[in-house]
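Here's a quick tour of a few spots in a protein model. Have the sequence and the 3D view open as you read.

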Amino acid sequence: MKVNANTMRPGHVLEHNGKLWVITKTAIVQPGKGGAFIQLEMKDVRTGTKSIERFRTQETVERARLDEHEMTFLFAEGDSFTFMDKETFEQVAIPRDIIGDPAVFLQDGMEVTVQSHEGSPLGVEIPGKVTLLITESDPVVKGQTASSSYKPAKLENGVSILVPPHIEAGTRVVVDTATGEYVERAKD
């Protein structure tokens, strides 16, 4: 299926030069002269080789047709993550490198979408936002303004993020899983 190059996101799979590629990073570059373009860092599904390709933002690319299965995250063991198909109750182990950076945000019982091509898993789409507990946060430094200052804090999964000064340890916050950034205080 043809799609605009600027709609591609990490985790998407595209067909390029006769191969299947998983996108690992995207960056839109706007040079001082000329039109903007999108730079895609991709990994070959079969061999694991990496490549960086540039496309004009209005250019179309061929997105691969994938089978998508709704699955539930069960547990992690080493660098392998186990998911259960919600319809067949079949369990599938997926290596960390297929999931990528968002693997740190997986929680027990989380509903995810696993994409596969001809039976082999290629990617895992986790929810865009996740609610986590802050376990540690630095004290507020007097004299800082609330508008532009952020302080470091550690989440229950061990990830460090920057939060506004009013957030203390024990507060539940919403985190963007794509960027790993603080979004808002949880409303629960």
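What follows looks at one annotated domain and three loop residues.

This is a predicted model, where local features need pLDDT of at least 70, side-chain atom pairs count only at pLDDT 80 or more, and totals for chains, interfaces and linings use all residues. Residues are numbered from 1 along each chain as its sequence is written, and side-chain values use heavy atoms, with hydrogens and water left out.

Start with the domain: an unreviewed UniProt entry puts "Translation elongation factor P/YeiP central" on residues 68-122; such annotations may be inferred rather than shown by experiment. That stretch is 7% helix and 56% strand, with its end C-alpha atoms 10 Å apart. Helices (at least four residues) and strands (at least two) are DSSP runs, numbered from the N terminus.

Next, two loop residues with positive phi. Most residues other than glycine have a negative phi.

| Residue | Phi | Loop between | Relative accessible area |
|---|---|---|---|
| Asn 17 | near 55 degrees | E2 (13-16) and E3 (19-29) | 64%, exposed |
| Phe 89 | near 60 degrees | E8 (80-85) and E9 (91-95) | 58%, exposed |

Exposed means over 50% relative accessible area, buried under 20%, and partly exposed in between (1.4 Å probe, protein chains only).

Now for Thr 171, in the loop between strand E14 (160-163) and strand E15 (172-176). Thr 171 counts as buried because its relative accessible area is 15%. Its side chain reaches the backbone oxygen of Glu 168 at 2.8 Å. Beyond neighbours within four places in sequence, Thr 171 is in contact (heavy atoms within 4.5 Å) with Leu 132, Leu 133, Ile 134 and Arg 185.

Terms used: A polar contact is a pair of N or O atoms within 3.5 Å; within protein, one must be able to donate a hydrogen and the other to accept it, and residues adjacent in sequence count only if both atoms are side-chain atoms.
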